[in-house]
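Biologist: Could you take me closely through the largest pocket, its lining, and the salt bridges formed by the residues there?

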Amino acid sequence: MTAILSASALMDELAAGHPPVLLDVRWQLGGPDQRPAYEAGHLPGAVYVDLDRELAGPPGAGGRHPLPDPEEFGAVMRRAGVSADGPVVVYDGGQGWAAARAWWLLRWTGHPNVRVLDGGLAAWTAAGGPVTADAPTPAEGDFKPNPGALGLLEADDAAALARTGLLLDARAGERYRGEVEPIDPVGGHIPGAVSAPTTENVGPDGLFLPAEALKARFTELGAATDTPVGVYCGSGVSGAHEVLALEVAGIPAALYAGSWSHWSSDPQRPVATGPNP
């Protein structure tokens, strides 16, 4: 099973009469609540899931978007109609970060059949897909989370991986270099981490690069067959997109969910600046 699917492939699945559960996870960093946008128009049958409230715990010591309590996350998924083995497709407005966060959480908690709509709602509408304002009433699902199916890093794990494997920093290059830091208390990066901006995983159309191109990109950055790979970003959202891109490329990777918002909250942790790891 591939981790992403095209708008046309999703249309075919919906027309076949056995639709996946659809989750709309539109979100903007620091932007307005996206529920009104969902209510104005969404994929038929899609249920809205709020990233800040349902795909993350309260901000604090664990970072700006710490992982949600698994049981609370499971309850959200069941209310949305997610069952243990039933297929799930997640989408957002097109950037892909929020959809990847939902994908990662479901996969991390043991769901075996989750995919991201490549290009999100923008790709769907561009392909002529319908939207509706009708709110669905899904039947309760039976999904029960079992965390640990994907790799998860803590701060010490990330620091060690930067020395012994490959730790990718998915933020914009200027944040990695420490030239600007608009959100967190300190600019720079985890010593030894390699800059790999998430935005370079997609083309101008917002769709993921082909698997071969992604594999070439990550190989050039240092991913080898026997090299353990980890990813972090600002708060564990865009980093999930990088893990998804690595999955498309056939490269398993772990996520440091607390990411820079967690790392930089402790003044005792070292910080590197400039273009080099």
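Modeller: What follows is a close look at the largest pocket and then at the salt bridges. This is a predicted model, in which local features need pLDDT of at least 70 and side-chain atom pairs count only at pLDDT 80 or more, while totals for chains, interfaces and linings use all residues. Residues are numbered from 1 along each chain as its sequence is written, and side-chain values use heavy atoms, with hydrogens and water left out.

The largest pocket holds about 220 Å³ of space; a pocket here is an open set of points on a 1 Å grid over the protein atoms alone, where a 1.4 Å probe fits, with protein on both sides within 12 Å along at least five of seven lines, and its volume is the space filled by probe spheres set on the points, which are joined across faces, edges and corners. Its lining, meaning residues with an atom within 4 Å of a point, consists of 17 residues, and Leu29, Trp97, Arg171, Arg175 and Ser238 lie nearest the centre of the pocket. By class, this lining divides into 9 nonpolar, 5 polar and 3 charged residues, where Ala, Val, Leu, Ile, Met, Phe, Trp, Tyr, Cys and Pro count as nonpolar, Asp, Glu, Lys and Arg as charged, and the others, Gly among them, as polar.

Arg171, one of the residues nearest the pocket centre, also meets Glu181 in a salt bridge, with N and O 3.6 Å apart; the term stands for a side-chain nitrogen of Lys or Arg within 4 Å of a carboxyl oxygen of Asp or Glu. This pair links distant parts of the chain, 10 residues apart, with Glu181 in the loop between helix H8 (173–177) and strand E8 (194–195), and Arg171 in the loop between strand E7 (166–169) and H8; helices (H or I, at least four residues) and strands (E, at least two) are DSSP runs numbered from the N terminus. Both Glu181 and Arg171 are buried, that is, under 20% relative accessible area, as against exposed at over 50% and partly exposed in between, with a 1.4 Å probe and protein chains only. Arg171 and Arg175 further belong to a network of salt bridges that also links Arg64, Asp169, Glu181 and Asp184.

The whole structure has 11 salt bridges. Among them, Glu179 and Arg177 meet at 2.7 Å, N to O, where Glu179 counts as exposed at 52% relative accessibility and Arg177 as partly exposed at 29%.
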